[in-house]
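User: Hi! I would like a close look at one part of this protein, its open sheet and what surrounds that sheet.

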Amino acid sequence: MGKILVTGGCGYIGSHTIVNLIEHGYDVISVDNNSRSNPIILKGVEQITGKKIKTYKVDLCNFDDTFAIFQENADISGVIHFAAYKAVGESVENPLLYFENNLTSLINLLKCVQEFHTPHFVFSSSCTVYGNPDEVPVTENTPLKTAESPYGYTKQMGEQIINELAKSSDTQCILLRYFNPAGAHPSSIIGEMPLGRPQNLVPAITQTAIGRLPKMMVYGNDYDTRDGSCIRDYIHVCDLASAHTLSIQYLEELKNSSQCEVFNLGSGNGISVLEAITAFEKISGVKLNYEIGPRRPGDVIATFANNNLAKQTLGWNPKFSLEDIMATAWKWEQRLKADETVFGSQYGELN
Ligand code: WQD
C-alpha cells in the first residue's frame, strides 16, 4: 500500500475520507489551496486519527506546484480527487470560473498521474451528470442527459477526460457519482463548513434551527411528487468516505474489470424536502421556521440511486439512516455554535 494523495483534503468529503483511509491503514497526503476550505478541519482529522497529516497548500491549477508534489512523493500509489468548485448556482452566474478551475486542475493532476504512472485514480463525480432523469431510481447505465448547470458539465466533461486517459495509460480509474452528501462525523470533531449562506438543504436546515439563519425557504411545493417538493437521495458523508477506501482497495486487489468503472453512491431512498424537514424536527425536537417559496432554477424534480452495483462490486454497505444524517448534522451545528471562537463566525470562511 503506497501513499494516497487526497486533493481537497480540507473539504467536507475529503476530510471524512482521510479519516477512513487512515483507519484502514493508509498513509495520506492532503493537498488543498484553502480557497474554499478551512485548514482547521485537518486538525480535527488529526484529533480523530491521532496521525499527523502531511499537507500541501497548493493550487492544482498551477502545474509546476502540482508536479512538485509528485516529484517529492514517488510512493504515491493512488489519487482521490475531490478539489473542485461545487456551487450549482454560482456556476450558472460564473461559468468560466467553473470550467477553468475544475478542468484545469483535473488536467494538471492527470498529466502528473500519467508522467509518474500512478496506478490508481478515483474521481469525485456527481449525480448531476444524469441531469433530470426520465426514470428513478438511477442506475449507472441511465443515459446522461444535458447537465442542469456548468458545474454539472464540469463533472460530465471530467468523466470523459478520465475515460479517455484510462484508455491510453496504465492508470486504473474509478468514477464515483455522489447523490446528496449530508451529515457529519459522529464525533462532531469534523463536519460540513459551508462558506457563507448554505446552498444545500441539510446545512440550511441546521443553520435555521440554531438561529444562524432567520428562516428557511422551501424552493417549491408544486412539483409532480408525492408532496409537491423535490425528491433527493441523502447519503451520509461517512458512508461516502468508506466507498472511497473500498474503491482504492478494489483497484489494489486488481478486481476491476475495466480501466474506468462508474459507481452510484446513494442510499437508494428518495426523500422529499418536506420529509427531510419532518425528519429533522423529529430528531432535534426543534420546530423549523420555513416557508414555501418559488422553485429554484436548475433544480431536478426527483432523483435517487440504484446503489446495487457499488454494494455488489465494491462490497459497499451504507450504514447511516436519514435520522443519523439529521442527528449528526444537528450535533455538528451545535458544536460549531459552541466553538464559534475556534471556527470563526462565518464557519467555512477563514479567520
Ligand atoms: C436539495 C433540495 C432544493 C436548500 C447539489 C448538486 C450536487 C451536490 C449536492 C456537490 C432541492 C431544496 C435546498 C434550501 C430548499 N453538490 N432546498 N431550500 O441541488 O440536489 O444537489 O448539491 O457535490 O451535485 O447538484 O442539493 O441540497 O442544494 O438541494 O428547498 O435552502 O433541497 O430546492 O430540491 P442539490 P441541495
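In what order do the seven strands of the open sheet stand, and is their pairing parallel or antiparallel?

Analyst: Happy to walk you through it. First, some ground rules: this is a predicted model, in which local features need pLDDT of at least 70 and side-chain atom pairs count only at pLDDT 80 or more, while totals for chains, interfaces and linings use all residues. Residues are numbered from 1 along each chain as its sequence is written, and side-chain values use heavy atoms, with hydrogens and water left out.

The open sheet has the strand order S3-S2-S1-S4-S5-S6-S11, and the pairing is parallel. Strands (E, at least two residues) and helices (H or I, at least four) are DSSP runs numbered from the N terminus, and two strands pair if DSSP finds at least two bridges between them. Strand S3 (54-56) and S11 are the edges: each has a single partner strand, so one side of each is left without a neighbour in the sheet. On average, neighbouring strands are turned by 20° against each other, direction ignored; the axes here are lines fitted to C-alpha atoms, for helices over the stretch in contact, and angles run from 0 to 180 degrees between N-to-C directions.

Now to individual pairs. Strand S4 (residues 76-81) and strand S5 (residues 120-126) run parallel and are joined by four bridges; His81 has Phe123 in S5 as its bridge partner. Helix H6 (residues 150-167) packs on the sheet, where it touches S5, S6 and S11, and its direction makes about 155° with that of S5. Contact here means heavy atoms within 4.5 Å. The loop between S5 and H6 holds Pro137, which is joined to Val136 by a cis peptide bond with omega of about 0°.

At the S11 edge, S6 and S11 pair in the parallel sense over six bridges, and Leu176 has Phe263 in S11 as its bridge partner. Six of the six residues of S11 are buried, that is, under 20% relative accessible area (exposed is over 50%, partly exposed in between; 1.4 Å probe, protein chains only). Cys260, Val262 and Asn264 point one way from S11, while Glu261, Phe263 and Leu265 point the other way. In a regular strand the side chains alternate between the two faces of the sheet.

The sheet also feeds the largest nonpolar core, which has 41 residues, with Ile18 and Leu265 making the most contacts inside it. Such a core is a set of buried Ala, Val, Leu, Ile, Met, Phe, Trp, Tyr and Cys residues joined through side-chain atoms within 4.5 Å. Among the elements that give two or more residues to this core are strand S1 (3-7), helix H1 (12-23), strand S6 (172-178), helix H8 (237-252) and strand S11 (260-265). H8 gives the most, with seven residues. Not counting residues up to four places away in sequence, Ile18 touches Val6, Gly9, Val28, Ser30, Leu42, Val45 and Ile53. Apart from this core lies another, of 25 residues, including Ile205, Phe280, Ala329 and Trp330.

One loop that follows a sheet strand also deserves a look. Asn34 sits in the loop between strand S2 (27-31) and H2. Asn34 has a positive phi of about 55° although it is not a glycine, and it is buried, with a relative accessible area of 9%.
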